[in-house]
Amino acid sequence: MIDPQHRTRTISLGIRCRTCWAALALIAGVASPVLAQAEASGEAVSPPTAEADSAIEQGRESLRQSWFTPPWYDSERDAVKRIDLKPEWDLWKGWDWSGWNLPGMPNLSFLEWVAWILVTLILGALVYILARAWLQRDRRLATSHGTSDEDDADAEEARVEALPFQVARPASDFLTEAERCRRAGNYRDAIIYLFSHELVSLDRQQCIRLSKGKTNRQYLRELSRRVALRSLVEETMVTFEDVFFGDHPLDASAFERCWSRLPEFDQLISQEAA
């Protein structure tokens with residue numbers, strides 16, 4: 001049997017602590033079942049005192065007048081209402097990540113499938129890059145092999161015509177003709193062919209651009225970033241101009257100073273080609 005005084009003290013303690021709304025609601029919902037059970041068993045039930053009724057009413061007013069109504073309290077019926085909780089939505093619910101049982105395929109985990117897909121994509125990208133590089137190489141080779149001897153001859157003829165002075169085109173190349181004149185002691189023509197060889201070689205390696213109307217000093221300015229090459233060409237150019245334009249005689253020692261630097265010129269030109 002429930003002691004009425006004990007119940008009254010409990011209710012009074014709940015009212016003093018206004019923030020304990022759950023205890024008040026439970027008192028309102030639990031009191032009726034307890035009384036019904038006591039009446040069914042034939043036990044005497046003492047009616048609630050006026051103090052207990054006042055405490056319960058104060059609890060109701062606190063819940064009704066509060067700016068925040070607890071979700072579990074029904075103010076219209078003054079009772080505890082049921083709260084239905086919704087299950088959280090799981091994107092991966094129902095997926096079996098232990099393995100994908102596809103017909104004819106190995107039983108792999110999800111991470112293993114991702115790893116194999118990434119490896120396949122990387123290999124495909126490598127194959128594409130290598131194939132593209134190979135095709136570009138074939139196109140370059142086809143272009144270089146497709147250049148005929150006639151085209152080379154035309155290009156060489158254009159270089160000779162673009163020289164800043166008139167020179168007879170020899171039967172062989174300029175360097176071979178300069179060597180022939182040197183052995184014959186004809187240093188005047190030897191320095192002309194030597195300087196022509198240097199200019200044509202520089203244009204061939206795109207160190208300068210031979211063009212009608214340009215002067216020797218302009219070609220030196222085009223070589224300003226190639227200090228060693230510029231110094232070598234300038235020495236040959238000064239000797240050439242003394243002979244060609246100044247009609248000065250040229251002895252063997254003056255010519256040999258220019259001729260002796262020919263290996264250095266070839267080395268510098270080969271570095272430009274690389």
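Colleague: Which residues have the most contacts inside the largest nonpolar core, and how many residues does that core have?

Modeller: The largest nonpolar core has 39 residues, and I191 and L202 have the most contacts inside it. A nonpolar core here is a set of buried Ala, Val, Leu, Ile, Met, Phe, Trp, Tyr and Cys residues joined through side-chain atoms within 4.5 Å. Buried means under 20% relative accessible area, exposed means over 50%, and partly exposed lies in between (1.4 Å probe, protein chains only). This is a predicted model, in which local features need pLDDT of at least 70 and side-chain atom pairs count only at pLDDT 80 or more, while totals for chains, interfaces and linings use all residues. Residues are numbered from 1 along each chain as its sequence is written, and side-chain values use heavy atoms, with hydrogens and water left out.

Colleague: Which helices each supply at least two residues of this core?

Modeller: They are α6, α7 (187–204), α8 (216–222), α9, α10 and α11 (262–273). The largest share, 10 residues, comes from α7. Helices are DSSP runs (H or I, at least four residues), numbered from the N terminus.

Colleague: What is L202 in contact with, leaving aside its neighbours within four places in sequence?

Modeller: With that exclusion, L202 is in contact with C207, I208, L223, L229, V233, F265 and I269. Contact means heavy atoms within 4.5 Å.

Colleague: How many of the residues of α7 are buried?

Modeller: In α7, 15 of the 18 residues are buried, so the helix is mostly covered. As a general point, nonpolar side chains in soluble globular proteins tend to be buried together.

Colleague: What span should α7 have, and how far apart are its end C-alpha atoms?

Modeller: At 1.5 Å a residue, its 18 residues should span 26 Å, and the end C-alpha atoms are 25 Å apart, which agrees. The expected span is 1.5 Å times one less than the number of residues. Just after α7, Q206 takes a positive phi of about 60 degrees.

Colleague: Which residues of α9 are buried?

Modeller: The buried residues of α9 are L229, L232, V233, T236, M237, T239, F240, E241 and V243. Helix α9 covers residues 227–244, and its end C-alpha atoms are 25 Å apart against an expected 26 Å, which agrees.

Colleague: Changing topic, how many salt bridges are there?

Modeller: The count comes to 11 salt bridges. The rule requires a side-chain nitrogen of Lys or Arg within 4 Å of a carboxyl oxygen of Asp or Glu.

Colleague: What does R183 pair with?

Modeller: R183 forms a salt bridge with E179, with the closest N and O atoms 2.7 Å apart. Both residues lie in helix α6 (residues 174–184), four residues apart, about one turn of the helix.

Colleague: Are those two buried or exposed?

Modeller: R183 counts as exposed, at 69% relative accessibility. E179 counts as buried, at 19%.

Colleague: And where do R182 and E256 lie?

Modeller: The side chains of R182 and E256 meet in a salt bridge (2.8 Å, N to O). R182 lies in helix α6 and E256 in helix α10 (residues 252–259), so the pair ties together parts that are 74 residues apart in sequence. R182 is partly exposed, with a relative accessible area of 24%, and E256 is partly exposed at 28%.

Colleague: What about D189?

Modeller: D189 forms a salt bridge with R188, the closest N and O atoms being 3.7 Å apart. D189 is partly exposed at 26% relative accessibility, and R188 is partly exposed at 35%.

Colleague: Which residues do salt bridges that share partners join into one network?

Modeller: That network consists of E179, R182, R183 and E256.
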